[in-house]
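The following exercises concern one structure, and each is followed by a solution in steps. Please study the sequence and the coordinates before attempting them.

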There are 2 protein chains.
Amino acid sequence: MTTTPETKTPETTAPEPATPRPEARAPRGFADRRAADLALERHIVDKVSAVYERWGFEALATPAFEYADALGKFLPDADRPNEGVFALADDDEQWMALRYDLTAPLARFAAQNWETLPKPFRRYAFGPVWRNEKPGPGRFREFIQCDADTVGSARPEADAEIIAMAAEGLRAAGLGADQAVLRIASRKLVNGVLEAAGVTSAAQTLSVLRAIDKLDRLGPEGVSALLGEGRLDDSGDFTKGAGLTRSGIDAVLSYLAVTADSRTAVLDALDGIIGSTRAGAEGLADLARITEALKALGVGETAAVIDPSVVRGLEYYTGAVFEAELLLVTTDEKGRAVRFGSIGGGGRYDDLVARFTGETVPATGFSFGVSRLGAALRAAGLGDQSAVRGPVVVIAFDQGDMAHYFAAASELRSHGIAAEVYLGQAGMKAQMKYADRRRAPAAIMLGGDEIASGRVTIKDLDLGRALSAKVADNQTWKDERPGQISVPRDQMIAEVRRILSAAQAD
Amino acid sequence: MTTTPETKTPETTAPEPATPRPEARAPRGFADRRAADLALERHIVDKVSAVYERWGFEALATPAFEYADALGKFLPDADRPNEGVFALADDDEQWMALRYDLTAPLARFAAQNWETLPKPFRRYAFGPVWRNEKPGPGRFREFIQCDADTVGSARPEADAEIIAMAAEGLRAAGLGADQAVLRIASRKLVNGVLEAAGVTSAAQTLSVLRAIDKLDRLGPEGVSALLGEGRLDDSGDFTKGAGLTRSGIDAVLSYLAVTADSRTAVLDALDGIIGSTRAGAEGLADLARITEALKALGVGETAAVIDPSVVRGLEYYTGAVFEAELLLVTTDEKGRAVRFGSIGGGGRYDDLVARFTGETVPATGFSFGVSRLGAALRAAGLGDQSAVRGPVVVIAFDQGDMAHYFAAASELRSHGIAAEVYLGQAGMKAQMKYADRRRAPAAIMLGGDEIASGRVTIKDLDLGRALSAKVADNQTWKDERPGQISVPRDQMIAEVRRILSAAQAD
């Protein structure tokens, strides 16, 4: 037994501990996850893994830590601070950092093992990532991601495959065909429109990308101002614009406005705007091949659309980019309609492995937030709720009859029914309350009389709750004991099964 | 696209990057895990979770980080350095550390949520833990543990339940009845023998515990010396002994030497040595109740034994302690017999929650190393090898026929068969080599002629490998194409299924 002061128990008459007791709290921005969340997470992992493996992607797990130099400063979202990682110096003075995504470790792994890997290398990964950011409501510093990437294929078909597989994964997780859409664009298309708009300098490029990124928030007019002279916002702050000409602005706006009924029709419309530029033509050719492959892979026009307004991480990606958007509309606690929006995304990034080897290795991948998908599934009423169902609780009346309780619990378990013996010190009433808190479907009562007469009393807790709402007075309740039944001991399993199947049918 | 120097591709004629390229390597003591390892891990998680949930334990996941003060300095193994954690200061100057086990976070969680938890609270958890120690061969700084604990029950039956459940979990994971044993002892028994041996001071207690801990390594004689005057080891170093009297030494040695055919018989024998001491009598009474419960739970005498020589973490635990030992004997790379030994353990610890609340909360639990169990299962030939089987590879001959390849892969997947189209740029021969590296069971060939004639060529890669070893000359090989068959396109699924079932039968 340790003898540090803070472990003194109340029974010892020790003086106040020298070290004050620590407060029991999880660190800021970190959350505990309980059974229902974890069941949903496991459901997602199982379903999505099965899909990804069927597509020939193999599982890979890299460590939580990478050397800071190997991790680099790359994040798909441009605005994140470089210092947004949890880093510490190892005892040999090398800096290590917890991974902030699953792509940077993949690049390190691929570079390290390139010679022996089958190429192209397809891998998927589930795992936590850590971001050292200001926590806020619903904003965590640790969350689970799922990534799938193909490293070593420059073919646009590799992008198509990732898109098709992502769509199938989301379906397998439980989303309906009309609940999610993959939106596809390309950095090359944007390069084409930059060319068409006469943009040449890196600074101007950045301003245009930032303006495009604000389409959702500011609408075409706001973007137009940011592409031109600049924009005065409501607070009176002026943002300097990209300084494009009128025709340049029009090119960008007409590019962003393109929509059509089919992927091919969108490409045709874009061809009229950027088809004559070098980058645009290249991007359109890539997307044409992606479109063809998606068709061969049976991906419907509503499951994956080409949408030039997608600008996700354009500074990071080098070719196709895609975003998975949930179309689910739910209501928040104030009854307002809330769209789930983006749940993940990805694209082609051809430079990550080159950081290590100097050799450009073409790669493409898709990443989604597992907890975010879980929240969406729950909102859609699709969550696997079975795990919140507790075990059957065997009530403990008497220490001398413990063997009977254990035997009953064992028998239930051997029939695949979750069961436990109550092991606290409380009386009958508190044990029933415990069973209620556990969301137990039933309680098993083996009192002395019952054991002697070879019988068992089973309380259907769901039914009991339902009936108790209806029973008028306390006396009727006591006399009739709703939801409680006495059966011969050898019918216990059959009776519990009946209760469980009735509960499932609800 | 990022413009930092190190991302320049070889095509650009950039000068040597200002920042040298980082070396692609995982941090010291951290390992990447590939598909076969992860399949085994998932198998263990699935099987053990199912058992633990059937016993009424609910899943819980706590964050990677805890506040350093909440984590404390407790490790079950006494000799670990206090500084063995990865810690860093948060931006508000609070120190956080990565969890080094799953028990300390449970104590924090239980203290934080005590009011609302059903009590006793039973939870299980799978997850990585991190130890900032010197890495070595097979010694990692990140590994996966699985814990199950009951918090809030002082009953010895709670210990019995943990032991029985641990045994069932190991069986469910794939260990045979004769491949693992749970060894049970108790800190109270040791206190009894200390009392019997006349030990009173804390310093002497520590010396005796340390001496007992060396029984495996030094045998009774070495322990005897350490209990008495001291011991001179082979290198000439002298370790001062605990200074027990002859009769004290004999009491400890006879205590450690007790074995018998049944748990009850061991308790009877121990009664003769320590039954008259207060702590010993208490410990024996606890173990008698554990023994009774194990019998009611159907745990056989060989699955769980009472073994007083178990001294695992006696400084940490307050009551029963248990250790799971694998009896598997395998051979190492030099052909020597190696016993797997301990794979996990646990016991009763009643003081952890008190660190936060001041209130002693009785708790008991069991923890095992998931990778270690995986290694044991693999050594026993019990590993799930299905994941190392790669997907069926559809050979890509011609960009113009890509849609046919994708359609074939989709069709295979829709029948539950893992399949992929080769998406690199290499020729036929390299694609076959790729399929081989992926451990693909079959390759699908849809050349122009085959597509035109509505046929498909399927190469049974296992059979091909087997036959190629037998075929005498190259010409025969070319003429007969062993393991290769041409069938009508609509028989592709049936033929691949035949190949897969033949491979599974091997």
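**Exercise 1. Determine how many residues each chain contributes to the contact of chain A and chain B, and how much area is buried.**

Step 1. Contact here means heavy atoms within 4.5 Å. On this criterion, chain A supplies 114 residues and chain B supplies 113 residues.

Step 2. The model is a predicted one: local features require pLDDT of at least 70 and side-chain atom pairs pLDDT 80 or more, whereas totals for chains, interfaces and linings use all residues. Residues are numbered from 1 along each chain as its sequence is written, chains are lettered from A and ligands numbered from 1 in the order in which they are written, and side-chain values use heavy atoms, with hydrogens and water left out.

Step 3. The size of an interface is often expressed as the accessible area lost when the parts come together. Buried area is that loss (1.4 Å probe), summed over both parts. For chain A and chain B it is about 9,900 Å², with 53% of it on carbon and sulfur atoms.

**Exercise 2. Describe the polar and charged pairs across the interface of chain A and chain B.**

Step 1. A salt bridge requires a side-chain nitrogen of Lys or Arg within 4 Å of a carboxyl oxygen of Asp or Glu. The interface of chain A and chain B holds 17 salt bridges, and the whole structure, over all chains, holds 59.

Step 2. A polar contact is a pair of N or O atoms within 3.5 Å; within protein, one must be able to donate a hydrogen and the other to accept it, and residues adjacent in sequence count only if both atoms are side-chain atoms. Between chain A and chain B, 55 residue pairs are in polar contact, both residues being at pLDDT 80 or more.

Step 3. The side of chain A that touches chain B comprises 56 nonpolar, 21 polar and 37 charged residues. In this classification Ala, Val, Leu, Ile, Met, Phe, Trp, Tyr, Cys and Pro are nonpolar, Asp, Glu, Lys and Arg are charged, and the others, Gly among them, are polar.

Step 4. Individual pairs may now be examined. A:Asp90 forms a salt bridge with B:Arg141, with the closest N and O atoms 2.6 Å apart. A network of salt bridges links A:Arg28, A:Arg141, B:Asp90, B:Asp91 and B:Asp92.

**Exercise 3. Explain why the salt bridge of A:Asp69 and B:Arg25 joins two chains, and state how accessible each partner is.**

Step 1. The closest N and O atoms of A:Asp69 and B:Arg25 are 3.0 Å apart. A:Asp69 belongs to helix α2 (residues 68–71) of chain A and B:Arg25 to the segment before α1 (35–54) of chain B, so the pair joins two chains. Helices (H or I, at least four residues) and strands (E, at least two) are DSSP runs, numbered from the N terminus.

Step 2. Buried means under 20% relative accessible area, exposed over 50%, and partly exposed in between (1.4 Å probe, protein chains only). A:Asp69, at 37%, is partly exposed, whereas B:Arg25, at 15%, is buried.

**Exercise 4. Establish which parts of chain B are tied together by the salt bridge of B:Arg378 and B:Asp37.**

Step 1. In this pair the closest N and O atoms are 2.6 Å apart. B:Arg378 lies in helix α12 (residues 370–379) of chain B and B:Asp37 in helix α1 of chain B, so the bridge ties together parts that are 341 residues apart in sequence.

Step 2. B:Arg378 is partly exposed at 37% relative accessibility, and B:Asp37 is partly exposed at 33%.

**Exercise 5. Work out the strand order of the open sheet of 8 strands in chain B, and identify its edges.**

Step 1. Two strands pair if DSSP finds at least two bridges between them. The order is β1-β5-β6-β13-β12-β11-β7-β10, with mixed pairing.

Step 2. β1 (58–59) and β10 (304–306) of chain B each have a single partner strand, so one side of each lacks a neighbour in the sheet.

Step 3. Strands β11 (residues 320–331) and β12 (residues 337–348) of chain B pair antiparallel over 9 bridges; B:Ala324 has B:Gly344 as its bridge partner in β12(B).

Step 4. By contrast, strand β7 (residues 180–186) of chain B runs parallel to β10(B), joined by 3 bridges. B:Leu182 has B:Ala304 as its bridge partner in β10(B).

Technical notes. Buried area = accessible area lost by both parts, 1.4 Å probe.
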